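Work through the exercises below with the structure open beside you. Try each task before reading its solution.

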Amino acid sequence: MILKFSKPYPDETFYSWIARYHDQSANGLYKFTAQRLYGESPSCAIYGLPTGLQSFCENLLPLQIYSPEDIIKKHTLLPYYSSAVPKQRLEIVKKRMLNSTNTGVYGKLGTLTTEVKNFQYLRYCPSCLDDDKKHMGEPYWHRTHQLPGVLVCPFHSIPTLNSKVDKQAHHHLLYASASLYAQPNIRQSKVIVCDKLITVAESSSALLKDYRQLITVSAYRKALLNKGFNQGKYLDQEKLAKNFIDFWTPEVLESIGAMPDFDKHHWLRRITTRNRNGPFFPPLYHVLLRTFLRHDEKPSPTKPSIAQVSTNYPCPNPFCPEPNSKSAVLCSTHRNQKTGPLHGIISCKCGFSFSCNLEKDNYYTGHVLSYGPVWNNKFKALIKQGYNIPQMMEAMSVSQRVIIRKAVELKLSPDWKAKMERKPGREKYINDRISKERKNLLTYLKSHPKQSRTEIKAGMNAGYKFLYRRDREWLLNHLP
């Protein structure tokens with residue numbers, strides 16, 4: 001029986017998830033981990049398109065509830081192939097990934113006959129490893145870094161590296177976690193970072209976010225004819241090939257293994273030529289051709305970096321005494337996800353601080369962290385003057401909920417006290433719950449003295465979250 005199983009991280013491969021569990025368990029041999037997770041199923045460690053997901057999810061019950069569909073969508077490479085494979089074949093592959101063997105999976109996706117080859121080694125980005133340790137507590141293998149043609153990390157714009165995990169030479173039951181095996185291999189190709197390689201990485205990574213519609217040859221032909229690559233009613237293949245090579249450059253195409261062989265009926269000609277058999281092309285070819293078709297359009301605005309963000313902002317506090325119109329200062333920035341918008345925490349000397357999305361034009365969204373003493377003193381003064389709730393809302397520029405909450409927080413007694421009384425027994429319940437969760441945490445820490453904060457949070461779950469909300473100072477003082 002599985003007593004503990006950690007949750008997967010964003011963009012983590014299913015293989016990495018299992019490898020982390022193997023390190024944290026006391027199973028010893030890799031086959032014991034496979035038997036624990038899959039039962040009698042012959043499933044094993046598969047790097048890109050895992051199998052046996054149905055039995056895997058059933059064996060985790062009732063400890064964790066996971067859907068095979070969610071695992072396939074968020075932690076395997078299958079969404080990457082959706083733009084290049086018909087929906088019927090994609091559904092067949094999904095069904096086979098639920099079973100214990102992956103017979104015919106790669107054949108259905110057309111990867112066995114393609115000229116684009118997968119990486120021989122598991123790959124990683126050194127900066128991602130540092131970020132993972134900082135934010136997640138441990139490193140892990142990212143799906144994005146394993147995609148064909150992705151030589152540069154789309155999150156940090158630096159070259160990715162070959163690790164010591166040879167996917168072709170290692171035994172099929174090797175669960176190699178990034179914390180132990182994400183070390184540079186002797187065999188590394190020299191990569192010169194450029195805008196084209198970054199574009200390939202970002203476009204390939206975007207394919208992992210969701211399933212896409214199949215891109216047809218007729219759609220490419222129509223777009224190319226509209227852009228002037230026509231010779232009467234037909235495509236001018238020579239003009240297309242010349243412009244395509246000039247845009248991507250031979251160096252980039254050769255480095256990612258997608259250089260058309262002009263001595264043969266090359267892939268660029270085939271992907272734009274009608275064919276009754278409907279050949280499948282690797283997603284990398286679609287990324288290259290679609291980017292080429294868009295290159296003369298206006299580029300989409302890039303995400304601002306920390307260096308591009310302003311450091312001074314107007315203070316939203318209407319009672320701020322500071323003479324400077326931009327008295328609020330940017331204190332820190334963060335992204336909720338690696339590809340998400342840039343957020344910041346902004347504070348003023350008057351004590352008013354708030355968080356906001358720095359990429360929005362209207363950056364202040366009202367997410368206040370602290371109103372500060374200036375605002376609080378004004379609030380108390382207006383209450384003493386007998387202001388009612390509508391008058392307070394207009395004067396303080398906040399909602400009714402904030403007015404009531406602040407009156408309770410500041411322990412004031414306005415004339416409209418009856419409207420904001422708490423439910424009877426609520427405070428007693430909260431105090432009892434705090435005492436109970438404190439005892440539970442101390443007991444848990446004695447039983448697991450070597451666990452990190454991340455592991456304690458996962459082990460206690462609801463109790464940890466309750467203390468973090470209601471008794472944060474005590475909690476942080478007792479955590480390792």
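**Exercises on a predicted model**

Ser353 stands opposite Ser370 in β9. The model is predicted, and this residue pair leads into the first exercise.

**Exercise 1. The sheet**

Task: Find the order of the five strands in the open sheet, and say which strands stand at the edges.

Solution.
- Step 1. Start with β8 (residues 353–357) and β9. Three bridges join them, and they run antiparallel. Ser353 and Ser370 face each other here.
- Step 2. Move to β7 and β8. Five bridges link this antiparallel pair. His343 has Asn357 in β8 as its bridge partner.
- Step 3. Look at the connection. β7 and β8 form a hairpin with five residues between them. In the turn, Gly351 has a positive phi of about 100°.
- Step 4. Go on to β6 (residues 328–335) and β7 (residues 342–347). Six bridges join them, again antiparallel. Val329 stands opposite Ser347 in β7.
- Step 5. Write out the order: β5-β6-β7-β8-β9, an open sheet with antiparallel pairing. β5 (312–313) and β9 (367–370) are at the edges. Each has a single partner strand, so one side of each lacks a neighbour in the sheet.

**Exercise 2. Aromatic rings**

Task: Classify the ring pair Trp375 and Phe379 as stacked, edge-to-face or tilted.

Solution.
- Step 1. Set the scene. The whole structure holds 21 aromatic pairs.
- Step 2. Read the geometry. The ring centres of Trp375 and Phe379 are 5.4 Å apart, and the planes meet at 20°. Planes under 30 degrees apart count as stacked, so this pair is stacked.
- Step 3. Place the residues. Both lie in helix α16 (residues 372–384), four residues apart, about one turn of the helix. Trp375 and Phe379 are both buried.
- Step 4. Turn to a cluster elsewhere. Phe229, Phe244, Phe247, Trp248, Trp267, Tyr285 and Phe292 form one aromatic cluster.
- Step 5. Add the charges. Lys239 lies over the face of Phe229, at 5.5 Å from the ring centre. The charged end of Arg433 sits over the ring of Phe466, 4.2 Å from its centre.

**Exercise 3. Two residues, two settings**

Task: Decide whether Arg438 and His145 are buried, partly exposed or exposed, and list their contacts beyond four places in sequence.

Solution.
- Step 1. Locate Arg438. It is in helix α19 (residues 426–447).
- Step 2. Check accessibility. Arg438 has 29% relative accessibility, so it counts as partly exposed.
- Step 3. List the contacts of Arg438. They are Leu467, Asp471 and Trp474. Leu475 is 37 residues away in sequence, with a C-alpha to C-alpha separation of 8.1 Å.
- Step 4. Locate His145. It is in the loop between α8 (126–135) and β2 (161–166). Its relative accessibility is 1%, so His145 counts as buried.
- Step 5. List the contacts of His145. Among them are Phe119, Arg123, Tyr124, Cys125, Cys128 and Cys153.

**Exercise 4. A pocket**

Task: For the second largest pocket, name the element that gives the largest share of the lining.

Solution.
- Step 1. Note the volume: about 990 Å³ for the second largest pocket.
- Step 2. Look at its centre. Of the 30 lining residues, Tyr9, Thr454, Glu455, Lys457 and Ala458 are the closest to it.
- Step 3. Sort by element. α1 (14–24), α8, α20 (453–460) and α21 (462–470) each give two or more residues to the lining.
- Step 4. Pick the main contributor. α20 gives six residues, the largest share.

Conventions. Residues numbered from 1 in each chain as written. Predicted model: local features only at pLDDT ≥ 70, side-chain atom pairs only at ≥ 80, totals over all residues. Heavy atoms only, no water. Phe/Tyr/Trp six-rings, centres within 6.5 Å; stacked < 30°, edge-to-face > 60°. Buried < 20%, exposed > 50% of the residue type's maximum accessible area, 1.4 Å probe, protein only. Lys NZ or Arg CZ within 6 Å of the ring centre and 35° of its normal. Pairing = 2+ DSSP bridges. Contact = heavy atoms within 4.5 Å. 1 Å grid on protein atoms, 1.4 Å probe; cavity = no way out; pocket = protein on both sides within 12 Å on 5 of 7 lines; lining within 4 Å. Points joined across faces, edges and corners; volume = space filled by probe spheres on them.
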